[in-house]
Amino acid sequence: MLRLQAPLQQDLPMFFLLLGVLTLFLLLFEVLVRKFSVSGFVLRKVLHFSLGLILFFFPVCFSTNFFPVLLALIFVVVNAASFYVGFFRVLHDRNQLNLQQGNEQVSYGPIVLPVAFIILALFLWESHVWILRISVLIARVADSLAAIVGGALGKVHIENLTKSRKTIEGSLTMFTVGFLLLLACLFVFQGDFKEGLASTTWFQLLALALFLAVIATAVEALVSYGFDNLFIPVAISYVLYIVDISEKGLLLRLFAGGTFALMLAFFSVKVKFLNNSGATATFLLGTTIFGIGGLEWTVPLLTFYLLSSLLSKLGRKRKAKFDLVFEKGSQRDAGQVYANGGIAWIIMIIYSLTNEPAYFFAYLGTLAAVQSDTWATEIGTMWPNPKARLITTMQSVPVGTSGGISFPGTLGAFAGALLICASAIVMQVSWLIDFGIIKSFMLIGLSGLLASLVDSFFGATIQAQYYDPVREKVTERVESYRGDGTVLKNKLIKGYSYVNNDVVNTLCALSGCALAFFFSLNI
């Protein structure tokens with residue numbers, strides 16, 4: 001799929017011309033920052049805006065993707081060197097006062113932006129170059145305007161979303177500009193559509209532009225440190241590419257799946273299953289799996305999400321004593337959504353590009369793993385007078401200790417994994433029936449159970465654990481609060497500070513995926 005085309009002599013003059021123009025732009029803006037004290041943030045967004053327009057016309061200027069990729073690669077090196085050395089202040093504002101006040105964070109955007117272009121140019125130039133043009137235009141023009149408006153006029157901050165400051169005004173700008181550009185581009189490039197988008201009506205194009213604008217806005221709102229420069233164009237490109245190469249019915253299914261995912265996200269915030277970041281991540285994940293995977297992929301995911309969310313709410317009084325032990329509460333954030341559903345999300349994307357049935361077993365395996373882990377924790381802490389032992393030494397430990405396992409928790413883990421398989425069998429998935437129903441139950445059940453034990457092993461060995469001096473107990477939390485509300489940093493006593501509960505959950509999900517995938521191909 002990825003292909004670097006051969007260079008053509010006729011493209012060489014345009015390569016040097018654009019290299020000179022982009023270099024002059026960069027030097028001019030650097031002079032404005034250093035000599036005239038113009039805001040580096042504003043100039044950087046103007047530079048990105050201009051770059052979006054230039055990249056949009058790259059396929060008109062070049063016959064193959066060789067020199068565009070080479071140009072982007074040059075600026076990856078230049079921008080990365082500038083980030084670490086600091087010789088271009090317009091690219092990387094090192095004003096520590098702004099960083100401390102929360103006005104601006106360190107951004108990897110100038111590095112990530114040309115990387116995103118390289119990936120998309122290698123993948124799309126030959127067959128779907130119009131998608132490349134649309135995605136880079138939205139990513140740079142709409143995102144730059146959203147950042148400028150949000151920074152200058154934004155007053156309503158969106159809580160519990162991301163580490164970067166996001167505002168209602170900035171997100172509305174992203175949505176409005178993105179929608180208008182998408183609508184215009186879809187009509188302009190209508191003649192380049194292939195299977196799935198061929199013969200689409202004006203109303204369907206309007207709905208598609210609206211749908212993609214919502215996705216782009218959600219990605220921009222959720223991603224920090226400039227990585228939206230990568231994920232916005234990739235998200236737009238992926239949706240357009242999958243829809244265009246698939247049967248025509250996929251577009252309507254994607255609309256239905258996205259609508260359902262949006263409703264689920266709003267419902268989850270209302271009942272406090274998720275906070276704002278978790279709901280936004282769930283919308284994006286759900287749109288992909290519900291819309292592209294259909295019911296066969298949707299029902300197992302909903303089984304995990306609804307049952308695990310309800311279980312986390314049950315026995316709240318009995319589990320209250322563990323609230324200050326676990327790193328996070330029952331209201332999940334984006335990190336927990338990624339940790340529990342991120343691997344399943346990636347598997348769905350890979351399957352949509354390959355149509356390999358073994359990935360469905362991997363999908364069930366990763367869902368079984370995270371359900372097993374969740375059920376083991378929830379049932380283990382709810383059980384009356386539970387006894388837990390550390391998985392590495394079998395020593396008795398307090399229930400709720402990272403790496404601790406108990407008999408009721410282990411049974412709950414196995415039952416949770418079996419329910420994931422049952423939800424797929426109820427949908428009469430042909431791959432499971434052909435593989436064998438009993439074999440499928442054992443495959444998914446054992447994959448989930450073993451992955452939950454892997455989670456416990458990592459929890460006992462490398463997961464960060466801290467000592468809480470206020471309550472005099474071991475906790476997963478980095479900070480504690482005194483009675484007067486002051487914050488106290490807890491002391492790391494075990495594991496590594498960068499290995500938190502989300503990292504361990506991701507390793508658990510990856511283990512379940514790998515086990516189910518391997519066994520499905522070798523049994």
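This is a short tour of the two largest cavities in a predicted model.

**Getting started**

Open the whole structure in your viewer. Four cavities of 30 Å³ or more are found here, and we will visit two of them, the largest and the second largest.

**Stop one: the largest cavity**

Select Leu22, Leu51, Phe75, Asn79 and Leu113 and show their side chains. Out of 18 lining residues, these are the closest to the centre of the largest cavity. The space inside is about 290 Å³.

Now colour four helices: α1 (12-36), α2 (40-56), α4 (66-85) and α6 (109-124). Each of these elements gives two or more residues to the lining of the largest cavity. Which element gives the most to this lining? Look at α4, which provides five residues.

Next, colour the lining by residue class. You should find 16 nonpolar residues and two polar ones, with no charged residues in the lining of the largest cavity.

**Stop two: the second largest cavity**

Move along the chain and select Thr282, Leu301, Phe304, Tyr305 and Val337. They lie nearest the centre of the second largest cavity, which has 15 lining residues. About 190 Å³ of space lies in this cavity.

Then highlight α12 (276-293), α13 (295-313) and α15 (334-354), the elements that each give two or more residues to the lining of the second largest cavity. Here α13 gives the most, with five residues.

Finish by colouring this lining by class too. How many charged residues does the lining of the second largest cavity have? There is one, alongside eight nonpolar and six polar residues.

Key:
Residues numbered from 1 in each chain as written. Predicted model: local features only at pLDDT ≥ 70, side-chain atom pairs only at ≥ 80, totals over all residues. Heavy atoms only, no water. 1 Å grid on protein atoms, 1.4 Å probe; cavity = no way out; pocket = protein on both sides within 12 Å on 5 of 7 lines; lining within 4 Å. Points joined across faces, edges and corners; volume = space filled by probe spheres on them. Nonpolar A, V, L, I, M, F, W, Y, C, P; charged D, E, K, R; others polar.
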